[in-house]
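Here is a short set of exercises to work through with the model open beside you. Try each task before you read its solution.

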Amino acid sequence: MILLNQLKFYKTQNARCLMSSNQQIPPWLQEQIAKLQQTQQNLQTILSQKQQLDLDRLETEKALEEIKKAKDDESVFKQAGTILIKSNKKDLTAELEEKNELSKTRVSVLSKQEERVKVSLKEQESKIQEMIKNQSTTGTQQSPNSNTSK
């Protein structure tokens, strides 16, 4: 990612300063990076859940299509774990349609979460970039917030 490249740039630009004082990335910057990584993991989790729901929804839609092809008096079956259970077309259709609607709702909720997390990621990246910029211009190892008076 762009941010990782900027961190490498930060390390390179400040290598002499850091190496002379035998310090690593400042703690306040490490904290911000850790928060950013946690947010990235949250986004990945949301995307994975959304992908799984989409796959489940497609499977449900295919099952609904097949059930609709069946005659009303034909036997239909639903899977319960590793076994098939005989059911009637009307009940099974209603069950699958409800499952499909629930999946759509959950995907919608996850999409909203995804957008919020993406906005948060952009804000965190901007904050880190600004901290790095301020760090490289001042050359100090203190937190940018440590200069505020109480």
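The exercises below concern a predicted model.

**Exercise 1. Work out how many helices and strands the chain has, and in which pattern they follow along the sequence.**

Start with the count: there are 4 helices and 2 strands. Then read along the sequence, and the pattern comes out as α-α-α-β-β-α.

**Exercise 2. Check the end-to-end span of α4 against the expected one.**

Begin with the 50 residues of α4. The expected span is 1.5 Å times one less than the number of residues, so α4 should span 74 Å. Now compare the C-alpha atoms at its ends: they are 72 Å apart, which agrees.

**Exercise 3. Find the residue that caps the N-terminal end of α4.**

Look at asparagine 88. One of its side-chain oxygens lies 3.3 Å from the backbone nitrogen of lysine 90, and this is the cap.

**Exercise 4. Describe the nonpolar cores and what contributes to them.**

First, take the largest core, which has 15 residues; Leu29 and Ile128 touch the most other members. Next, ask which elements give two or more residues to this core: they are α3 (27-69) and α4 (89-138). Finally, pick out the second, separate core of 6 residues, with Ile67, Ala70, Val76 and Leu96 among them.

**Exercise 5. Summarise burial, contacts and surface for the whole chain.**

Of the 150 residues, 27% count as buried. For contacts between residues at least 6 apart in sequence, 71% join residues at least 24 apart. The exposed area is about 11,100 Å², with 51% supplied by carbon and sulfur atoms.

Key:
Residues numbered from 1 in each chain as written. Predicted model: local features only at pLDDT ≥ 70, side-chain atom pairs only at ≥ 80, totals over all residues. Heavy atoms only, no water. Buried < 20%, exposed > 50% of the residue type's maximum accessible area, 1.4 Å probe, protein only. Contact = heavy atoms within 4.5 Å. Areas by Shrake-Rupley, 256 points an atom, 1.4 Å probe, with all protein chains shown as cover. Core = buried A, V, L, I, M, F, W, Y, C linked by side-chain atoms within 4.5 Å. Polar contact = N/O pair within 3.5 Å; in protein donor to acceptor, adjacent residues only side chain to side chain.
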